[in-house]
Amino acid sequence: MRRLAVWAATAVFALVVYLLLTMWTGTWGLWSLSELIAGAVMSCIVGAACGGLLWERGGWRMLMPHRWLLLVLYVGPLFVAMARANIDVAWRVITGNIRPGIVRFDPQLKTDLARTILANSITLTPGTLTVDVSEHSGAFYVHWINVTDDSPTPEQVCGGFPAWARRIAE
Amino acid sequence: MNALIYILLAVGALFNGLGALALLRFPDVYTRIHGATKCTTFGSIFSIVGVVVYGFSQGGGEGGTLAVHALLALFFLLLTNPTGSHALARGAYRGGIKPAQAVVDRLEKGKR
């Protein structure tokens, strides 16, 4: 019963997102019939596929609206970090001055969503690449193009990202 | 307005070119993914922002639609690309490819 509720909630959420994206497609109303049918089918598939994953560990926290606002604000610091890393890696491409290695650090994030946000931010920034995340301990294994410390703190590798991931999803 | 579009496209093309150069210069799969990430972040951000500016400067329904579609493409690109890169890197490591020139490999000690 609980599983069914979880699937239904995910499917409804996916349908809302789909409908927001495909607004003003209809000739007589907001949505055309074909869009509604396609959206219903697709949201059922999404609900069945991801329902079990989304709410397991703290996914319900994203129901708080201020977390979505923080997620939007996060674009700013992410872009600044991305710009700095892009220029840094551009210079490394030209000079060939690299010192690669896989380092381990523990950002102490509990929820799946916070780990996903952090891992994606790390991978999106040139120069750092998440290779693996330990399911149990939550430790991150990150391929780092310029290893300055064999056992770095999270801040050394990815700056303010862990704090933001905690703010948004924990 | 045209000058702005040209500048944005030029910066995008420059970073995409550097990304391609990184594929040639870097030694192994992991460092090459770093180079590819550069293409998807700054290369595509600047190219797509160029398209968005073009769309809005055209104005009207068609230009606006073009701009919004380009923005959506950027949003989903930035959302899905790191997942793919991560899957590639993890698959490569599980497939037994060791990072070249590595000064440290904590994953090896941590897992086995």
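**Exercise 1. Sort the side chains of strand β3 of chain A by the way they point, and say whether they are buried or exposed.**

Step 1. F140(A), V142(A) and W144(A) point one way from β3(A), while Y141(A) and H143(A) point the other way. Strands here, and helices too, are DSSP runs numbered from the N terminus (E, at least two residues, for a strand; H or I, at least four, for a helix).

Step 2. That fits the textbook picture: in a regular strand, side chains alternate between the two faces of the sheet.

Step 3. Now for burial. A residue is buried if 20 or more other C-beta atoms lie within 10 Å of its own, exposed if 12 or fewer, and partly exposed in between, with C-beta atoms placed from the backbone. Five of the five residues of β3(A) (residues 140–144) are buried, so the strand is largely enclosed by the rest of the structure.

A word on the model before going on. It's a predicted one, so local features need pLDDT of at least 70 and side-chain atom pairs count only at pLDDT 80 or more, while totals for chains, interfaces and linings use all residues. Residues are numbered from 1 along each chain as its sequence is written, and chains are lettered from A and ligands numbered from 1 in the order in which they are written.

**Exercise 2. Find which strands pair with β3(A), and in what sense.**

Step 1. Two strands pair if DSSP finds at least two bridges between them. Strand β1 (residues 101–105) of chain A runs antiparallel to β3(A), and five bridges join them.

Step 2. On the other pairing, strand β2 (residues 128–133) of chain A is also antiparallel to β3(A), again over five bridges.

Step 3. Check some partners. W144(A) in β3(A) has G101(A) opposite it and also T128(A), while H143(A) faces L129(A).

Step 4. Look at the turn. The hairpin of β2(A) and β3(A) has six residues between the strands, and G138(A) there takes a positive phi near 75°.

Step 5. Is β2(A) buried or exposed? Six of its six residues are buried, so β2(A) too is largely enclosed by the rest of the structure.

**Exercise 3. Describe chain A as a whole: its elements and its dimensions.**

Step 1. Chain A has seven helices and three strands, and from the N terminus on they run α-α-α-α-β-α-β-β-α-α.

Step 2. Its C-alpha atoms fill a box of roughly 60 × 40 × 25 Å along the principal axes.

Step 3. Chain A has a radius of gyration of 20 Å, whereas a compact globule of 170 residues would have one near 15 Å. The radius is taken over C-alpha atoms, and the globule rule is 2.2 Å times the number of residues to the power 0.38.

Step 4. Of the 170 residues of chain A, 37% count as buried.

**Exercise 4. Work out which side of helix α1 of chain A is buried.**

Step 1. Start with the length. The 20 residues of α1(A) (residues 2–21) should span 28 Å at 1.5 Å a residue, and the end C-alpha atoms are 29 Å apart, which agrees. The expected span is 1.5 Å times one less than the number of residues.

Step 2. W7(A), T10(A), A11(A) and A14(A) are buried in α1(A). They cover an arc of only 100° around the axis, which puts them on the same side of α1(A); the arc is that of the directions from the helix axis to the C-beta atoms.

Step 3. The face turned away from that buried side carries the exposed residues R2(A), A5(A), V12(A), V16(A) and L20(A).

Step 4. What covers the buried residues of α1(A) includes α2 (33–54) of chain A.

**Exercise 5. Say how many residues each chain brings to the contact, and which element of chain B gives the most.**

Step 1. Chain B brings 31 residues and chain A brings 28. Two residues are in contact if their C-beta atoms, placed from the backbone, lie within 7 Å.

Step 2. On the side of chain B that touches chain A, α2(B) gives the most, with nine residues.

Step 3. By class, that side has 16 nonpolar, 10 polar and five charged residues. Ala, Val, Leu, Ile, Met, Phe, Trp, Tyr, Cys and Pro count as nonpolar, Asp, Glu, Lys and Arg as charged, and the others, Gly among them, as polar.
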